[in-house]
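Trainee: I have this one open and would like to go through it with you. Can we start at the surface and work inwards?

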Amino acid sequence: MVEESSWSSTAVYSHEAAVQTETAVFEQGAVLEDQPAYLSSVAPVLNGTFQYGYNASDSGDLSVAVDQTLVVRAVGDEGTFEFWREETDLGSERVSSLQPGERAAVPFSLNVTDTRLRIEEIESQLDGSTGDTEIIVQSNVTISGQRNGVAVNETNGYQIRIDDQGTAYRVGNDEPVTDSDQQFRPETVTASYGPLRSLLAPALFVLSAIGLAGLVAGRRQGRFELSEAEREWLRYRAEADEFEEWLSTGTIPDEALSRTTVRVETLEDLVDLAIDSNRRVVRDHSRGLCAVLLEETVYTYDLPEQSGEEQLHSPGESSSEPETQHETGADDGSSTDSDEQSSA
């Protein structure tokens with residue numbers, strides 16, 4: 001997708017208040033612009049302007065209608081519902097043809113002191129204050145026409161809030177509000193390949209065909225299938241790894257095997273018997289046998305046959321050869337006696 005066109009819009013408020021009362025620090029008639037707060041006793045009337053404009057990468061011709069309303073209300077639960085509401089028209093403006101880069105400017109004015117008195121009058125009629133009171137300037141903008149050749153018909157709302165604190169009032173939520181979007185169109189791109197790809201493609205195709213034919217032939221001849229002995233060995237390795245904590249490597253004495261012997265089919269079955277009887281599984285590689293030894297019965301599992309290097313490496317054991325230990329006993333003693341007699 002390729003970007004074909006884009007647009008952006010901006011809605012912004014500006015405000016000011018003229019000093020109506022001469023004081024030692026304020027000159028009557030002076031205009032205070034875009035202040036974070038205004039003194040109610042000095043400049044009670046807030047004058048503002050709402051401006052809407054847009055830009056388009058291609059073209060645009062919009063009809064813009066702005067309707068402004070003073071909203072005074074009391075809300076509860078952080079504004080989730082209203083106890084009461086009163087609206088006053090602040091004027092409207094129509095621009096029949098707004099071009100990209102131009103702005104529609106609509107003024108408004110309200111006396112914050114008079115608005116506070118109106119709130120007190122309403123609360124008096126309602127036998128007291130209920131909820132939180134709010135003073136809002138609401139600007140509803142309806143646009144229609146075309147923007148970058150695309151038809152537009154929509155309405156959006158913007159607002160600022162006046163926080164009346166008695167001796168002063170603040171104007172909040174007056175930051176510019178922007179919006180934007182992009183239009184895309186599909187684009188077909190012809191793929192081009194270098195000489196290396198052109199040469200390698202046929203070779204890779206031939207090699208892939210040969211490899212596939214070899215796999216098919218090998219499968220038909222059974223070259224990739226495991227024998228039953230190999231399957232049995234792999235199953236044993238998996239079970240030995242899984243139940244390693246229940247296995248102990250050792251030597252099973254002949255007298256233990258003289259008891260009643262019960263053979264089981266899998267190492268897992270033998271481990272289950274060991275768990276039930278609170279015993280361990282003894283693995284005797286010299287006999288090729290695993291066993292659970294009970295008082296009168298011995299349960300056994302025959303280790304599967306191994307081939308090649310796997311005979312040297314069993315699950316859970318090290319592949320290093322054990323060190324050779326020299327026995328001590330009568331032979332050593334007789335050798336010592338012979339040496340002493342020779343010396344004599």
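Mentor: Fine. Start with Phe205, which has a relative accessible area of 62% and is therefore exposed. Keep in mind that this is a predicted model.

Trainee: Which element is Phe205 found in?

Mentor: Phe205 is in helix H2, which covers residues 195-220.

Trainee: And what surface patch do Phe205 and Leu200 help to make?

Mentor: A nonpolar one of about 640 Å². Besides Leu200 and Phe205, the patch is made by Leu204, Val206, Leu207 and Ile210.

Trainee: Zoom out for a second. How many helices and strands does the chain come to?

Mentor: Five helices and 16 strands. The chain has 344 residues, and 29% of them count as buried. Its accessible surface is about 22,100 Å², with 47% of that belonging to carbon and sulfur atoms.

Trainee: What share of the contacts with a separation of 6 or more is between residues 24 or more positions apart?

Mentor: That share is 69%.

Trainee: OK, inwards. Which residues touch the most other members in the largest nonpolar core?

Mentor: That core has 40 residues, and the ones touching the most other members are Leu46, Phe50, Tyr52, Val64, Leu110, Val137 and Val141. Strand S5, residues 60-76, gives the most to this core, namely six residues. Another core lies apart from it, with 16 residues, including Val264, Val271, Val281 and Leu294.

Trainee: Let me stay on Phe50. Is Phe50 buried or exposed?

Mentor: Buried, because its relative accessibility is 0% and the cut-off for buried is under 20%.

Trainee: What is Phe50 in contact with, leaving aside neighbours within four places in sequence?

Mentor: Among its contacts are Ala11, Val12 and Tyr13, then Ala104, Ala105, Val106 and Phe108. Val66, Gln68, Ser139, Val141 and Tyr158 are also in contact with Phe50.

Trainee: There are several rings in that list. How many aromatic pairs does the structure hold?

Mentor: Seven. In one of them, Phe50 and Tyr158 have ring centres 5.7 Å apart and planes at 35°, so this pair is tilted. Phe50 belongs to strand S4 (residues 45-56) and Tyr158 to strand S9 (residues 150-164), so the pair ties together parts 108 residues apart in sequence.

Trainee: Is Tyr158 buried or exposed?

Mentor: Tyr158 counts as buried, with a relative accessibility of 13%.

Trainee: Which residues form the aromatic cluster with Phe50?

Mentor: Tyr13, Phe108 and Tyr158 form one cluster with Phe50.

Trainee: Switching to charges. How many salt bridges does the count come to?

Mentor: 14. Arg85 is a good place to look. Glu82 forms a salt bridge with Arg85, with the closest N and O atoms 2.6 Å apart. Glu87 forms one with Arg85 as well, at 2.8 Å between the closest N and O atoms.

Trainee: How exposed are Glu82 and Arg85?

Mentor: Glu82 is partly exposed at 34% relative accessible area, and Arg85 is partly exposed at 41%.

Trainee: What about Arg118, which residue does it form a salt bridge with?

Mentor: Glu86, and the closest N and O atoms are 2.6 Å apart. Arg118 sits in helix H1 and Glu86 in strand S6 (residues 81-98), so this pair ties together parts 32 residues apart in sequence. Arg118 has a relative accessible area of 29% and is partly exposed. Glu86, at 24% relative accessibility, also counts as partly exposed.

Trainee: Which residues are joined into one network by salt bridges that share partners?

Mentor: Arg73, Glu82, Arg85, Glu87, Glu134 and Arg161.

Trainee: Last topic, backbone. What is odd about the phi of Asp34?

Mentor: Most residues other than glycine have a negative phi. Asp34 is not a glycine, yet its phi is positive, about 45°. Asp34 lies in the loop between strand S2 (31-33) and strand S3 (37-39). Its relative accessible area is 46%, so Asp34 is partly exposed.

Trainee: And where does Asp127 lie?

Mentor: In the loop between helix H1 (112-125) and strand S8 (132-147). Asp127 has a positive phi too, of about 60°, although it is not a glycine. With 74% relative accessibility, Asp127 counts as exposed.

Terms used: Residues numbered from 1 in each chain as written. Predicted model: local features only at pLDDT ≥ 70, side-chain atom pairs only at ≥ 80, totals over all residues. Heavy atoms only, no water. Patch = residues over 30% accessible without salt bridge, like charges linked within 9 Å, V, L, I, M, F, W, Y side chains within 5 Å. Areas by Shrake-Rupley, 256 points an atom, 1.4 Å probe, with all protein chains shown as cover. Salt bridge = Lys/Arg side-chain N within 4 Å of Asp/Glu carboxyl O. Helix = DSSP H or I, 4+ residues; strand = E, 2+ residues; numbered from the N terminus. Buried < 20%, exposed > 50% of the residue type's maximum accessible area, 1.4 Å probe, protein only. Core = buried A, V, L, I, M, F, W, Y, C linked by side-chain atoms within 4.5 Å. Contact = heavy atoms within 4.5 Å. Phe/Tyr/Trp six-rings, centres within 6.5 Å; stacked < 30°, edge-to-face > 60°.
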